[in-house]
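Colleague: Please take a close look at one part of this model and then set it in its surroundings. Give the contacts and the packing around it, and go on to the other helices and the second copy where they help.

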2 protein chains.
Amino acid sequence: MNDVTRAVVVARTPDGPPAPEDFEVVEVPIAAAVEDQVVVRVDVLSLDPYLRSLLGGAHLDDPPVAPGQVVPGRSVATVVESRSTEVPVGATVLAETGWRELAVLPAAAVSPVSVPDGVPDSAMLGPLGMPGLTAYAAHVRHLTPGAGETVVVGSATGGVGSVAGHLASLAGARTIGIVGNATKVELARSLGYDEVVVRTAPDWVEALHAASPDRVDCYLHMGDQATLDGVVEHLAVGARVSLCGLIDQSNGAPPTRLRAGALMAARATVHGMVVHDHADLAADHVDRVAALLATRRLTLLEDRYSGLESAGAAFAALMSGRNRGKVVVAVSKESQS
Amino acid sequence: MNDVTRAVVVARTPDGPPAPEDFEVVEVPIAAAVEDQVVVRVDVLSLDPYLRSLLGGAHLDDPPVAPGQVVPGRSVATVVESRSTEVPVGATVLAETGWRELAVLPAAAVSPVSVPDGVPDSAMLGPLGMPGLTAYAAHVRHLTPGAGETVVVGSATGGVGSVAGHLASLAGARTIGIVGNATKVELARSLGYDEVVVRTAPDWVEALHAASPDRVDCYLHMGDQATLDGVVEHLAVGARVSLCGLIDQSNGAPPTRLRAGALMAARATVHGMVVHDHADLAADHVDRVAALLATRRLTLLEDRYSGLESAGAAFAALMSGRNRGKVVVAVSKESQS
């Protein structure tokens, strides 16, 4: 057993959008596993926008991650040593390992997963993981789109959006994907959106109106204030909005706000979404989405980086909207093959 | 049949909060009723905050009421002449008469009402009318307070709030009434609120926190931006908010907005309320609330003015928050007795 492992630490607290230089790969000590602990090898690391607020200390329940500390993060990992009767060597698990090659964790803190046939392990971090569960829960509990309704999905090609848009299409809805720049239009179309709107284009509100002549019945919000305003002012009567992510706020912009008068005019219902509240849906979610992936009706859309050294750049790309799907980093040699 | 009637017209479009001088009593011509029309005598006129936006042209579906036009409004009225087989002379009706003594209307546009025993006619404009239905619908469809939950009611002593607070108490909730100034505290206590907070006091947020140590589960919003902010930042997980009225916006203040991050942190659900969507609840509402009024468990709280001349001052008092319950104007001699 090694007594050090490679890890990514915070080099400096990001000021605004994170940069690759805010992160640094170092060697950190690793203790031997004691009773009821396991050592896991990080195979594929998940990068997620909520990390940005953890780094800045804006997260509600957690202290900020200070310079010198290992960046927190979730991964698909393989148990390489076990001092637990519950979790055998060789098991594939989901765990909060942080950005590192090896991690020692309580056996109770890792979740063995059974990856469905025909689906890569990393799907457990995207469509079969928290982003997919976010989309699934927003779909079945908040948006509930019906046939013929118009559904707008913010960050249409991201980890959440790509699943949400597909579920809405399968429900018979007309789907409009919002993307951050013109390079993502074709990608969004390939995912099956009926219409794609580039929210950074000067006439994007007109484009949204043209794409939704009957206004917007369902809106999955991930994005900035301007996107929220544009869609909220164009809601149909009886509209449902799920607030899934506020990217601007993670980057230190002023708080995102919704105009109350527009919500009243539309008799809209707005739901604040925190995915952890919907863990009871996880089994349904995995069944449903794994079947879609296995039959290729849902594309596994990943931006896959290789090696811990790439994690900082991958995170910067994610937070500036340059990703084209779920961002993951293949850390172990086994996962880079 | 008279060929003129007295009416209140807009003298000038209000700029900010309305003043008595914005209104003027004049004689206006009145036509003879033709086939399928009725002539009604206005007994009690209802004054409601939504009129403010009608006068300013901010209402979505209607053109503004221009100077010289009769002020629109709903009343309890008595049919004094009928050319309809559907509505007999002597019937008590609800109708959009405007602020006038006599009105000629299509018989199909008046709604005969049967006022429950032991309840004055004007209750049809307050707890048994639109304000009461607003409170009832928000209670059963949006807020759904449970025993032990904390319910905050904005404009606690108004036409909507006084009913909403009572329904929440009957559901076993702890109720906190928000009032606009210290003179209304005792009134609110007499209505049964467990706690009363004066939103114009400098330490009102601290008072709200002290009154709701477990945060706020349900919030009926009627009020201004500061009130909305104070309550929304103090929501409990799983909170429900019903947006029933935005007084500041009626007076020309900047649009009221809700902070999305606070809604996400609380996993809150926000509902835009427009009472007309809940007409299907009217029968249940009248049954329930009439029983409460008849048995004196719910107080009929009215600011009752006499004569059309008083309507402008009554409306100005309502829009500046100086009312102490539902504001009505007794117009006919019969209703002033």
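Modeller: A:Thr227 has a relative accessibility of 1% and so counts as buried, the cut-off for that class being under 20%. The model is a predicted one, and what follows should be read with that in mind. A:Thr227 sits in helix α6 of chain A, which covers residues 225-232. Once the neighbours within four places in sequence are set aside, the contacts of A:Thr227 are A:Ile178, A:Arg199, A:Trp204 and A:Tyr219.

The chain around this site can be described briefly. Chain A holds eleven helices and 16 strands. Its radius of gyration is 20 Å, close to the 20 Å given by the globule rule for 337 residues, so chain A is as compact as a globular protein of that length. The C-alpha trace of chain A extends over about 65 × 40 × 35 Å along its principal axes. Of the 337 residues in chain A, 56% are buried, and A:Thr227 is one of the buried residues. Among contacts in chain A with a separation of 6 or more, 66% join residues 24 or more positions apart.

Helix α2 of chain A, residues 130-143, offers a second site, and A:Met130 belongs to it. Here the side chain is not fully covered: A:Met130 has a relative accessible area of 22% and is therefore partly exposed. Not counting residues up to four places away in sequence, A:Met130 touches A:Arg74, A:Val275 and A:His276. A:Leu47 lies 83 residues from A:Met130 in sequence, and the two C-alpha atoms are 11 Å apart in space.

The packing of this helix comes next. A pair of packed helices is described by the angle between the axes and the distance between them. For α2(A) and helix α9 of chain A (residues 282-294), the angle is about 100° and the axes are 10 Å apart. The two helices, α2(A) and α9(A), are therefore roughly perpendicular to each other. The α2(A) side of the contact consists of A:Gly132, A:Leu133 and A:Tyr136, and these meet A:Ala282, A:Asp284, A:His285 and A:Arg288 in α9(A). By class, the residues of this contact are three nonpolar, two polar and two charged.

Past α9 of chain A, in the loop that leads to β15 (302-306), is A:Arg296. Its phi is near 65°, which is a positive value in a residue other than glycine. A:Arg296 has a relative accessible area of 68% and therefore counts as exposed.

The second copy follows. A turn of 180° with a shift of 0.0 Å along the axis lays chain B on chain A with an RMSD of 0.1 Å. The two copies are thus related as by a two-fold rotation axis. Of the interface residues of chain B, 100% are also interface residues in chain A, so the copies meet through the same surface.

In chain B, helix α2 (residues 130-143) and helix α9 (residues 282-294) have axes that come within 10 Å and cross at roughly 100°. That makes α2(B) and α9(B) roughly perpendicular to each other. The contact joins B:Gly132, B:Leu133 and B:Tyr136 of α2(B) to B:Ala282, B:Asp284, B:His285 and B:Arg288 of α9(B). Its residues comprise three nonpolar, two polar and two charged.

Both α2 and α9 of chain B also take part in the surroundings of helix α3. This helix of chain B, residues 161-170, is mostly covered, with eight of its ten residues buried. The buried residues of α3(B) are B:Gly161, B:Ser162, B:Val163, B:Ala164, B:Gly165, B:His166, B:Leu167 and B:Ala168. Besides α2 and α9, they pack against β8 (150-153), β9 (174-179) and β11 (216-222) of chain B. After α3(B) comes B:Gly172, with a positive phi near 90°.

One further backbone feature of chain B is B:Asp36, in the loop between β2 (23-29) and β3 (37-46). B:Asp36 has a phi near 70°, again a positive value in a residue other than glycine. With a relative accessible area of 47%, B:Asp36 is partly exposed.

Key
Residues numbered from 1 in each chain as written. Chains lettered and ligands numbered in written order. Predicted model: local features only at pLDDT ≥ 70, side-chain atom pairs only at ≥ 80, totals over all residues. Heavy atoms only, no water. Axes fitted to C-alpha atoms, helices over the stretch in contact; angles between N-to-C directions. Helix = DSSP H or I, 4+ residues; strand = E, 2+ residues; numbered from the N terminus. Parallel < 35°, antiparallel > 145°, perpendicular 65-115°, else oblique. Contact = heavy atoms within 4.5 Å. Nonpolar A, V, L, I, M, F, W, Y, C, P; charged D, E, K, R; others polar. Least-squares fit on C-alpha atoms with pLDDT ≥ 70 in both. Rg over C-alpha atoms; globule rule 2.2 N^0.38 Å. Buried < 20%, exposed > 50% of the residue type's maximum accessible area, 1.4 Å probe, protein only.
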